[in-house]
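Q: I have a chain open on my screen and would like to go through its side chains with you. Could we begin with one pair in a helix and work outwards?

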Amino acid sequence: MHPNPIRSSRRTLVFSMSIANCDRISKRLITHGLDPATKVAVISRGTQPDQRVIVGQLSQLKQMVVMHQIEAPALLIVGDVVNLYQQPNNYDIANLA
C-alpha cells in the first residue's frame, strides 16, 4: 500500500497562478491530511527586481496573502523544501510561522 502523497510534508507541491484560490487550496490540503503547520512560501513576481517571498504555515496562507497584499503573478510552494529557503539581503520576507 502506498502512503497518501498529500499527507507527507516531505513532498513538494507547487501551484502556479493560484493566488485567487489560495484559501481553497490550503483548506483542501488540510482536509486531505496535510498538517496545517506545513511550511508554505508565496513568491510574488518571481525573478523580477521587485520579487517578494513570504514564508509561513499552510493554515496561515490566506492571511499571508491578504496581509502582504500579494497579487498575481505568484507561485505557491508547499512542503519541507521551504525550510531550505534563505533570505537574500534584497528581498522582503515575513515569517509568520
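A: A good place to begin is Asp 23 and Lys 27, which both lie in helix H1, 4 residues apart, about one turn of the helix; helices (H or I, at least four residues) and strands (E, at least two) are DSSP runs, numbered from the N terminus. This is a predicted model, in which local features need pLDDT of at least 70 and side-chain atom pairs count only at pLDDT 80 or more, while totals for chains, interfaces and linings use all residues. Residues are numbered from 1 along each chain as its sequence is written, and side-chain values use heavy atoms, with hydrogens and water left out.

Q: What do the side chains of Asp 23 and Lys 27 meet in?

A: They meet in a salt bridge, at 3.2 Å from N to O, the term standing for a side-chain nitrogen of Lys or Arg within 4 Å of a carboxyl oxygen of Asp or Glu. Asp 23 is partly exposed, with a relative accessible area of 24%, and Lys 27 is also partly exposed, at 49%; here buried means under 20% relative accessible area, exposed over 50%, and partly exposed in between (1.4 Å probe, protein chains only).

Q: How many salt bridges are there in the whole structure?

A: The search finds 2, and one of them joins the side chains of Asp 50 and Arg 45 at 2.9 Å, N to O. Asp 50 is partly exposed at 41% relative accessibility, and Arg 45 is partly exposed at 35%.

Q: Back to H1, then: which of its residues are buried?

A: Cys 22, Ile 25, Ser 26 and Leu 29 are buried. Seen down the axis of H1, its buried residues fall within an arc of 95 degrees (taken from the directions from the helix axis to the C-beta atoms), so they line one face of the helix. The face turned away from that buried side carries the exposed residues Arg 24, Arg 28 and Thr 31.

Q: And what do the buried residues of H1 pack against?

A: They pack against strand E1 (13-16), H2 and E4, with contact taken as heavy atoms within 4.5 Å.

Q: Changing topic, how many residues has the largest nonpolar core?

A: It has 16 residues, and among those with the most contacts inside it are Ile 19, Val 42 and Leu 61; such a core is a set of buried Ala, Val, Leu, Ile, Met, Phe, Trp, Tyr and Cys residues joined through side-chain atoms within 4.5 Å. Helix H1 (22-31), strand E2 (39-44), helix H2 (61-67) and strand E4 (74-78) each supply at least two of its residues.
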